[in-house]
Amino acid sequence: MNDNRQHIKQKLQQQLEEHNFQKTEAVLKRTHPKTWNERLNRWLNNEVDIPLLPVSATVCALLLVITLPFVSLKEDTEIKGELVDMKGSIYWSEMIEERLGEK
């Protein structure tokens with residue numbers, strides 16, 4: 001088995017003799033990082049696949065949970081007093097007080 005590997009290695013070297021590789025050190029540095037900086041750069045350079053549906057559903061749920069306390073479901077209306085029937089028309093008591101106060 002060892003002879004077979006040696007034979008394959010020699011054949012490979014013969015075939016690659018005519019090719020000249022450049023920047024082998026840079027390639028080896030990127031593929032086999034030694035320092036923490038190189039490892040961090042390699043880790044940050046990876047492609048990340050983010051599934052769209054779960055992420056968007058999570059963002060929507062978080063927005064709903066955050067904004068729901070600020071939105072009131074009941075309609076807040078100001079209480080304008082009571083309704084008053086005056087000469088066949090119905091008015092709010094505050095409107096009548098304002099009109100009478102102006103005169």
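This passage describes the fold, the strand hairpin, the surface patch and a few individual residues of a predicted model.

To begin with the overall picture, the secondary structure of the protein consists of 5 helices and 2 strands. Followed along the sequence, these elements appear in the order α-α-α-α-β-β-α. Of the 103 residues in the protein, 3% are buried. The accessible surface amounts to about 11,200 Å², and carbon and sulfur atoms account for 57% of that area.

The two strands are a good place to look next. Strand E1 spans residues 83-86 and strand E2 spans residues 89-92, and the two pair in the antiparallel sense over 4 bridges. Together E1 and E2 form a hairpin, with 2 residues between them. Within this pairing, Leu 83 lies opposite Trp 92 in E2, while Met 86 faces Ser 89 in E2. In the turn, Lys 87 has a positive phi of about 55°.

The hairpin also contributes to a nonpolar patch on the surface. This patch is formed by Leu 83, Met 86, Ile 90, Tyr 91, Trp 92 and Met 95, which together have about 590 Å² of accessible area. Both E1 and E2 supply at least two residues each to the patch, and the largest share, 3 residues, comes from E2. Met 86, one of the patch residues, belongs to strand E1. Its relative accessible area is 38%, so Met 86 counts as partly exposed. As background to reading such strands, the side chains in a regular strand alternate between the two faces of the sheet.

Away from the hairpin, another lysine deserves a look. Lys 23 is not a glycine, yet its phi is positive, at about 60°. Where does Lys 23 sit in the chain? Lys 23 is found in the loop between helix H1 (2-16) and helix H2 (24-31). Lys 23 has a relative accessibility of 69% and therefore counts as exposed, the cut-off being over 50%.

Aromatic side chains complete the account. A pair of aromatic rings is described by two quantities, the distance of the centres and the angle of the planes. In this protein the count of aromatic pairs comes to 0. A contact between a charge and a ring is present, however: Arg 39 lies over the face of Trp 36, at 5.3 Å from the ring centre.

How values were computed:
Residues numbered from 1 in each chain as written. Predicted model: local features only at pLDDT ≥ 70, side-chain atom pairs only at ≥ 80, totals over all residues. Heavy atoms only, no water. Pairing = 2+ DSSP bridges. Patch = residues over 30% accessible without salt bridge, like charges linked within 9 Å, V, L, I, M, F, W, Y side chains within 5 Å. Areas by Shrake-Rupley, 256 points an atom, 1.4 Å probe, with all protein chains shown as cover. Salt bridge = Lys/Arg side-chain N within 4 Å of Asp/Glu carboxyl O. Buried < 20%, exposed > 50% of the residue type's maximum accessible area, 1.4 Å probe, protein only. Phe/Tyr/Trp six-rings, centres within 6.5 Å; stacked < 30°, edge-to-face > 60°. Lys NZ or Arg CZ within 6 Å of the ring centre and 35° of its normal.
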